[in-house]
Amino acid sequence: MADVVIIGAGISGASSAYELAKAGLDVVLLDRFGPAAMASGWTLAGVRQSGRHPAELPLARAAVEIWSSLAEELDSPTYYRRGGNLRLARTPEEVPVIEAIVADQTAAGLDLRLLSSNRDIREIAPAIAEHVLTASFCPTDGSADPTSTVMGFVKAAERAGAKTRFGERVTDIEVENGRVVAVVTDKGRIATPRVVVAAGIFGNEVLKPLGITVPLQIPMVTVLRSVPIDAVLEQVIGVANADCAGRQEYNGRFRVTSGLQDWHGGLGERQTEAGPRPRVLPTGHSMAEVVALFGDVVPAFAAAQIEDYWAGLIDLTPDALPVIDGDVGIEGLVVTMGFSGHGFCLGPVTGRLVSDIVQGKPPRFAIEPFKYSRFHNSRAFTEGATLHG
Ligand SMILES: Cc1cc2nc3c(=O)[nH]c(=O)nc-3n(C[C@H](O)[C@H](O)[C@H](O)COP(=O)(O)OP(=O)(O)OC[C@H]3O[C@@H](n4cnc5c(N)ncnc54)[C@H](O)[C@@H]3O)c2cc1C
């Protein structure tokens, strides 16, 4: 028996478990693999407000505030660094794109500056190539270490009383008379009146039998990671058309991503000390493209030895906004998924919103844009996800 069962120990589920356990609920957090096994481990882990959809901007701004003291709160390192985010224009055609983002978002109250010459850019980030023309610069953006952060949430949730069960897959959510009564896994059954679906790209596997489907496309992103090199880059780097992004981690490794690619459908497993983990492999072509594109704007990356590579999958909704909703037609069921390539930064706020919804409190931020019901009339994909860190 549990007050609430959370399906998925990515950043969304782990932060929800932490918030709900802290609020005194009897929480069970389940993952078919383990913490940060999927998007929350595959991610670039930028913590970014700049370039956000207006509906997400208040959440991202609140998240950035939380990130600054999250490590102290969780009593665990997050390696959060507020080094800024630069979005680059490499060609004359890309310059107006950057100018428009700066105009729109300064009007929305964000401190986003236009660096209109290469000299201005390289004054802030000397690692940027000399042919880059213009950039937007948000000094309050940054990044964190994804696995450390998710583990921090999991451990803090456990200290607050949450039970965690990893390597256990939810196969069914039992509903009687329109209300949740239990979660069934490949290892047993847990009676509960509330369940939070934070299962990323697999969310629909447990929702579909209940007649609920969040419309998703699942593109792939190639990720390369270098060996540690001397610190040369403080900012997270994006580009106007989002065909690559990257940053240097706290440990000196570059972590660099492609733009969105078609997923070939392959999802294998690799063995780790903690048990099997899912693995998607990028193609040689996509890896070569990432080196060429990011190496073109940060030459130090192309010169570094590559230590690791993987691909990540994105739960992209038609409007590239998530579903965060407890009003999906079944009492006790809360859905938080479809983060469309932006959900790492939002993680600490997602947990607080889910906690509000599960406890029946008014959500502390407007969640109308994130309602499942917005897909009742149209499921057409109008927005592509864009990765800018
Ligand atoms: C390459 C890449 C780059 C990105 N860059 C950024 C970025 O710079 N900034 C940013 O903010 N966001 C970024 N994102 C997006 C961000 O990482 C995700 O939105 C976020 O991590 C989603 O977290 P989540 O907890 O919702 O889902 P996930 O992390 O995918 O977690 C879902 C969990 O559910 C578990 N699960 C699924 N089905 C079941 C089941 N039936 N039973 C039990 N467990 C189950 C899975 O094992 C998984 O651990 C990026 C994503 C990728 C892939």
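The questions and answers below concern a predicted model of one protein.

Trainee: How many helices and strands does the protein have?
Mentor: Both kinds of element are present in this predicted model. The secondary structure comes to ten helices and 21 strands.

Trainee: Which radius of gyration does the protein have, and why does it agree with a compact globule?
Mentor: Start from the chain length, 389 residues. A compact globule of that length would have a radius of gyration near 21 Å. The protein agrees with this, because its own value is 20 Å.

Trainee: What does the C-alpha trace span along its principal axes?
Mentor: Take the C-alpha atoms of the protein along the principal axes. The spans are about 65 × 45 × 40 Å.

Trainee: What share of the contacts joins residues at least 24 apart?
Mentor: Count contacts between residues at least 6 apart in sequence. Of these, the share joining residues at least 24 apart is 72%.

Trainee: How much of the exposed area do carbon and sulfur atoms supply?
Mentor: The protein exposes about 14900 Å². Buried residues make up 57% of the 389 residues. Of the exposed area, carbon and sulfur atoms supply 50%.

Trainee: How far apart are the mean positions of the positive and negative charges?
Mentor: There are 35 positive and 45 negative charges. Their mean positions are apart by 4 Å.

Trainee: Which residues does the UniProt domain annotation cover?
Mentor: The annotation comes from an unreviewed UniProt entry and reads "domain: FAD dependent oxidoreductase". Over that stretch the chain is 30% helix and 29% strand, with end C-alpha atoms 14 Å apart. The annotation covers residues 3-356.

Trainee: Is Arg-253 buried or exposed?
Mentor: Arg-253 lies in strand β16, residues 253-258. Beyond four places in sequence, Arg-253 touches residues including Arg-225, Arg-247 and Glu-307. Its relative accessible area is 19%, and the cut-off is under 20%, so Arg-253 counts as buried.

Trainee: Why does Ser-15 count as buried, and at what relative accessibility?
Mentor: Ser-15 lies in helix α1, residues 11-22. Leaving aside neighbours within four places in sequence, its contacts are Phe-153, Gly-347, Pro-348, Thr-350 and Gly-351. Ser-15 counts as buried because its relative accessibility is 0%.

Trainee: How far apart in space are Ser-15 and Gly-351?
Mentor: In sequence, Ser-15 and Gly-351 are 336 residues apart. Even so, the two are in contact. C-alpha to C-alpha, their separation in space is 4.5 Å.

Note on methods: Residues numbered from 1 in each chain as written. Predicted model: local features only at pLDDT ≥ 70, side-chain atom pairs only at ≥ 80, totals over all residues. Heavy atoms only, no water. Helix = DSSP H or I, 4+ residues; strand = E, 2+ residues; numbered from the N terminus. Rg over C-alpha atoms; globule rule 2.2 N^0.38 Å. Buried < 20%, exposed > 50% of the residue type's maximum accessible area, 1.4 Å probe, protein only. Contact = heavy atoms within 4.5 Å. Areas by Shrake-Rupley, 256 points an atom, 1.4 Å probe, with all protein chains shown as cover. Lys, Arg positive; Asp, Glu negative; His and termini not counted. Charge placed at Lys NZ, Arg CZ, Asp CG, Glu CD. UniProt positions renumbered as here; feature names shortened; annotations may be inferred.
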